[in-house]
Amino acid sequence: MATAAQTPRFTHPAARGTCPFAPPPAYTQAQQEEPISRISLWDGTTTWLLTRHEDIKAVLADARFSADGSNPGFPFLTAGIRQLNTGQRTFIRMDDPEHARLRRMLTGEFMIKKVEALRPEIQRIADDLLDRMTADGRTGADLVREFALPLPSLVICLLLGVPYEDHEFFQDCSRVLLSRESSVEEVTAAQDRLVDYLIRLTESKRTQPDDGILSRLVERGELNTEEIGAMGRLLLVAGHETTANMTALSVLALLRNPEQLDHLRRNPGAIPGAVEELLRYLTIIQSGLSRVAVQDAEIGGTLIRAGEGVVCMVSTANRDEAEFPGGEDLDVTRDARRHLAFGFGVHQCLGQPLARLELQIALDTVLRRLPELRLTVPFEDVPFRGDMLIYGVHELPIGW
Ligand code: HEM
């Protein structure tokens, strides 16, 4: 049985190995040798590492494990991320009932039916972006800059009522907030700028309402401006960086697996299933999900004591042989719906219906409209985002 006194296996986050799509080998090895083990963090503290699908589901569904970063022992990935927890908190870092009360105010906005009604608009945005990218006889572009990033950014701006003209500003802030390498000062400055911006924007909705989420939250009258601003910040950051990176990384993974790409070109009806498999295979939340035990709990035969932190590596859970045989391979025909790429339990991703729809439209549009799609730099030169909380590629130079 593992104990908290055990020597840490390595310092989290560990570096990737030779395959840029696979979780770092240190985690895969831990899953095989010691699936519940100890690791150390940047500040010298130690925490539990969970790597199996079953154990991670158990923790994420268990109210004895808290997502509230103000609890002692919460495992923060960097000093900057710990700093983020000291300002106006968002409900991703709260427990029920507070978390449920705030989340409930948004659930109607992301219901499958409501999101599905956005399909024509999202398709139009995708088509416009590709029209522009391929205009004037151009034959190459950076897919991240011209398609993968603007698509979800335009959509989340539309939903929230945020002016898209400000995209460079909020994308810059998000980049700093989501970098593992940002200093505490940089994170504080980016956070303050984004908070100020969203507070001012929320204030403006009081006199100039529109049909966006921020305006609707103002009309409900249950939250003050700071609370609405914090919700807006969570949605704005979560709503564009994640889908953007999944889109670009998915295109790259398909280019590296041409038989899978061909299958999708021949069977566009298989795209929704392929999106689930790509979410599983790529698991862009690369540093795992953090929780802290607030009561003693036994997980997979290990006693985790109150006050001990837990890092749930959803990337290794999504390749757990017990759940996904042959999971190290990308197989777009696999039923991958049990993946944990959107988390599990009460904090499971609120925006997942939107993310799914955007990914399905993005892949379908790129594959259909760019039949000669190819990478224009050697694969080894693609800049992967090992430095960020959300994995992906900084750029994806493609030709068609
Ligand atoms: C491929 C895209 C996405 C991935 C992989 C993803 C992943 C995740 C994961 C793993 C969590 C759980 C965090 C935890 O348990 O600690 C989460 C929560 C959340 N996500 Fe996403 N997400 C994506 C897209 C989106 C989008 C498009 C939105 C909004 C428009 C969004 C909004 C949220 C919110 C608000 C939460 C917090 C939910 C809560 O605490 O109750 N996400 N996401």
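Me: How many cavities of 30 Å³ or more does a search of the whole structure find?

Reply: Good place to start: this is a predicted model, where local features need pLDDT of at least 70, side-chain atom pairs count only at pLDDT 80 or more, and totals for chains, interfaces and linings use all residues. Residues are numbered from 1 along each chain as its sequence is written, and side-chain values use heavy atoms, leaving out hydrogens and water. A cavity is a set of points, on a 1 Å grid over the protein atoms alone, where a 1.4 Å probe fits but cannot get out. At a volume of 30 Å³ or more (the space filled by probe spheres set on points joined across faces, edges and corners), the search finds two.

Me: How many residues of the lining of the second largest cavity are charged?

Reply: This cavity has a volume of about 30 Å³, and its lining (residues with an atom within 4 Å of a point) is T78, G80, I81, L177, S179, R180, S182 and V187. Ala, Val, Leu, Ile, Met, Phe, Trp, Tyr, Cys and Pro count as nonpolar, Asp, Glu, Lys and Arg as charged, and the others, Gly among them, as polar. The lining then divides into three nonpolar, four polar and, for charged, one.

Me: Which helix gives the most to the lining of the largest pocket?

Reply: A pocket is an open set of points with protein on both sides within 12 Å along at least five of seven lines, and the largest has a volume of about 580 Å³. Its lining has 23 residues, with V144, R145, L149, P150 and Q171 nearest the centre. Helices (DSSP runs of H or I, at least four residues, numbered from the N terminus) α6, α7, α8, α9 and α12 each supply at least two lining residues. With five residues, the one that gives the most is α9.

Me: At roughly what angle do α10 and α12 cross?

Reply: Q191, L194 and V195 are among the α10 residues that meet α12, where T225, E226 and I228 are among the partners (contact means heavy atoms within 4.5 Å). That contact divides into seven nonpolar, five polar and four charged residues. The axes, lines fitted to C-alpha atoms over the stretch in contact with angles from 0 to 180 degrees between N-to-C directions, come within 8 Å and cross at roughly 115 degrees.

Me: What box do the C-alpha atoms of the protein chain fill?

Reply: The chain has 16 helices and ten strands (E runs of at least two residues). Along the principal axes, its C-alpha atoms fill a box of roughly 65 × 55 × 40 Å.
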